[in-house]
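Me: I should like to go through the ligand site and a pocket of this structure, asking at each step on what grounds a term is applied.

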Amino acid sequence: MSSKVNITIDGEQYQVPAGENLLWAALDCGVYIPHLCSIREKERSDASCRLCFVEIEGIPNPVTSCTQEVREGMVVKTRTPLVDRLVKTGFELLLSDHKLRCGKCPKNRQCELQKIAKERKLKLKLTRLRPLLTEEEPVDDSAKTFIYDPNRCILCGQCIWVDHHKVEAGAIGFINRGFDRKMGTFGDVSLAESICTQCGECVKVCPVGALTFKVEEVEKG
Amino acid sequence: MSVSQNFADLRSAAIEKLEAIKEKPLILVGTATCGRAAGALEVLNVFREEVSKHQLDVQVEEVGCMGHCYAEPLVVISNPGFPTLAYGPVDEGTAQRLVSDYLVNGDPCYEFAMAALEPNDEFPTFEDFPRGVIEKKIILRDCGLIDPDDIDHYLAKDGYAALAKVLEMEPTAVIDEIKDAKLRGRGGAGFPTGVKWEFCYKAKGSPKYVICNADEGDPGAFMDRAILESNPHQLIEGLIIAAYAVQAATGYIYVRAEYPLAIERLQNALDQAREKGLLGDKMLGSDFSFDIKIFPGSGAFVCGEETALITSIEGSTGLPSHRPPYPTTAGLFGKPTVINNVKTLSYIPHIMRQGAEWFKSIGTENSPGTAVFALAGKVVSTGLAEVPMGTTIRELVYDVGNGIKDEKEFKAVQIGGPSGGCLPESSLELPIDFDSLQQGGAMMGSGGIVVLNEDDCMVEIARFFLDFTQKESCGKCTFCRLGTKQMLEILTDITQGKGKPEDIDLLQELAEDIKLGSLCSLGKTAPNPVLTTIRYFRDEYEAHINEGRCPGLMCKELISYMIVPEKCSKLCDVCIGSCPTEAIYTRPDMLKAIHQDKCFKCNSCLVACPPQYKAVIRVSPPLEEQTEAEEGGNADEQ
Ligand SMILES: Cc1cc2nc3c(=O)[nH]c(=O)nc-3n(C[C@H](O)[C@H](O)[C@H](O)COP(=O)(O)O)c2cc1C
């Protein structure tokens, strides 16, 4: 048996495996913390989605829980005014560059963004910020069984991780820099033209509607 | 032979060589990048040609930069029997005269001289100017005065003496000395260097690495380049000492590839150090072995961030990652790594030679030593300056920089690079040190300082710097990728007269969240120019938003050009010819006026109007189309 440590989250005591990452420890205890980019098997989290903020006693500002290892006696708060404010802004920023129109999205009702909105009572529309998705990128439907809509991608990197570490295809990665950063193939060719094996594993891990199976395929099961 | 004997031999040979050089006239031409940009290579050629034409026994050498960039090409001539003088700017004609009048005929041409290098009865020295009184040169001391391509010049000036001393000390004693000196990192954050070394020394894992960060990506910053080009051995010695202190076997110098001359001079310096046994296996006959590789960086600003720099050396895209773990625990190839800035490492030999107490006697208690600034913008004497920490901004701008150009009003300094802040006139007495600047909302950063005057629009300045950081964001994390873009859109709207009253609050909210929420310090500091301009120049934001007026008369959408009839001359029509859109016409009374709907606001007429008239002015808010020019009203004008 591996050893355990005692931590407090939002006033409740929990015993969690020593060495565990706080985000996953909390999720395992049934405490929800918004998250998109964290991958359990990955040794060091990318910490790029910036949604899993918590406050920890002894640390002055909110920190991302995916980069914290649990410690004996750690006292964690998942909801403070500052945490809520950061999560709200981070979430709104993601929405400002995301093709919303949920009704038309194949992931409607199974989307992580919708889940975060529900859990944290956030709106799924832009009120404060300016829409940044002014020019939509073409949708890639060249693969037989699935569609890639870059305008719905939130750059979590889940698909790239399975492509590199589970399937070991190496077909996709992050391309471009800054605001133009996106998931794409080498040379930005369509998936059909790339070395993608079209196994569909990446589609299964996409938390939003960026990678979705074509409808016939879903029906076939 | 012992380390000290080996070193003593190298040193005395170097001194002998230099003494011999000094017995004859010597011409030093500053051919660092700043000198070259001003034509130093042509001047160098003239000196060489003239010297051989007159068959003189005079040595002509290339050196680096003394920091007086406004006076480049800069030349120093030492001639036995005369004070050693610096001349600048020297053009090809002056170079000819310096050879024929001075070196042939013995007239030192005081009319071209700037200052003498040592006290004498003939000519004032740099120390006799206000700038010289304030400046205190440690790491720039020899820049521009020694030949960077000849290690003997460095050796003759106490070079590598610190290394020889350190090689006979315990590594922990070296760390203690640097800790005691309270040296703080000059790469921006001001982290105590000795503490960093100690973390690395104590960290488990081997081999260990040391890296010199010479990425210098800040626009307008060129102090690291000047040091690399002018005195490469100083930082190489510092890097070797760092390696000895943490017991590293390999070092890297990460230089941006846009610095080809720096790379060339560094490579040459490394070769010479190896040849003399100062680098490589069992250096100076000690048990310590260490070597240095140069890694040309790939040009992204974010690659200067330490975690991104490390991934870049490892061969991946230079993207920052979350800290901790810090590089001192898990750095290059996952091993404990010290990473220090060029300037930080350049102080090391001086501290090890002269001791922590000496270092602490300069500067302030919590920021000992000096600060090196690249002075730019609307200031008379641009260039590099090294001043003690604690010098006020006023002294830097007015005494070192000789005040504001063209008799304009001072408005602000933008200090600390693109993520620094803008400080107003009321901050002129602020002492320059890590903590005071931070409190003012700016930061030491890399040491860039841009002086702004009454013609600068602070909203536009904020937009300009944010535009830089937004473009340089790597795009990995949400807050920096999208947050800076949001802020940039808002600022652009305001400068175009499309701002809304609630935009100022929104900018502030976003700025605070981006500072807290971003993954690396690029995002964490990017909002600084916006926050400080709102803090100190909120009225300018409000003028743009509420009145459609740009007080600096800079934002094109919010200004108009007009010709003041009282100043215009019937006899002159220069402006008409200068206008590319034929917007200027001659009125029936022969005075000139501008069709506002045709005017492109290119500024050509304002430049073209002869100085005795100065009839073209800018006004804000813009004139209604086709309004007669007389109605400038009470708008801001210039
Ligand atoms: C976006 C960004 C760019 C940076 N660029 C540089 C740089 O060009 N040179 C540098 O020395 N440090 C740079 N830094 C700071 C480094 O991350 C690091 O703190 C520094 O090299 C440590 O050296 P020091 O302790 O000697 O200051 C940068 C940091 C950030 C966030």
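Me: Which elements of chain B each supply at least two residues of the shell around the ligand?

Reply: In this predicted model, the elements are β9 (337-341) and α20 (521-525) of chain B. With three residues, β9(B) gives the most to the shell.

Me: What makes a residue one of the 18 that surround the ligand?

Reply: A residue counts because one of its heavy atoms lies within 4 Å of the ligand. Among the 18 residues, the closest are B:Gly187, B:Lys196, B:Asn340, B:Asn341 and B:Thr344. The shell comprises three nonpolar, nine polar and six charged residues.

Me: Why is the pair formed by B:Asn341 and the ligand called a polar contact?

Reply: A polar side-chain atom of B:Asn341 lies 2.7 Å from an oxygen atom of the ligand. The cut-off for N or O atoms is 3.5 Å, so the pair qualifies. B:Asn340 also places a polar side-chain atom 2.9 Å from a ligand oxygen, and for B:Glu306 a backbone N or O atom lies 3.0 Å from a ligand oxygen. Both distances are within 3.5 Å, and therefore these pairs are polar contacts. Of the 610 Å² that the ligand exposes when taken alone, the protein buries 90%.

Me: What makes B:Leu319 a lining residue of the second largest pocket?

Reply: B:Leu319 is one of the 36 lining residues, so it has an atom within 4 Å of a point of the pocket. Those nearest the centre also include A:Lys42, A:Asp46, B:Thr311 and B:Lys476. The pocket holds about 1100 Å³ of space.

Definitions and conventions: Residues are numbered from 1 along each chain as its sequence is written. Chains are lettered from A and ligands numbered from 1 in the order in which they are written. This is a predicted model: local features need pLDDT of at least 70, side-chain atom pairs count only at pLDDT 80 or more; totals for chains, interfaces and linings use all residues. Side-chain values use heavy atoms; hydrogens and water are left out. A polar contact is a pair of N or O atoms within 3.5 Å; within protein, one must be able to donate a hydrogen and the other to accept it, and residues adjacent in sequence count only if both atoms are side-chain atoms. Accessible areas come from the Shrake-Rupley method with a 1.4 Å probe; for residues, only the protein chains shown count as cover. Helices (H or I, at least four residues) and strands (E, at least two) are DSSP runs, numbered from the N terminus. Ala, Val, Leu, Ile, Met, Phe, Trp, Tyr, Cys and Pro count as nonpolar, Asp, Glu, Lys and Arg as charged, and the others, Gly among them, as polar. On a 1 Å grid over the protein atoms alone, a cavity is a set of points where a 1.4 Å probe fits but cannot get out, and a pocket is an open set with protein on both sides within 12 Å along at least five of seven lines; lining residues have an atom within 4 Å of a point. Grid points are joined across faces, edges and corners, and a volume is the space filled by probe spheres set on the points.
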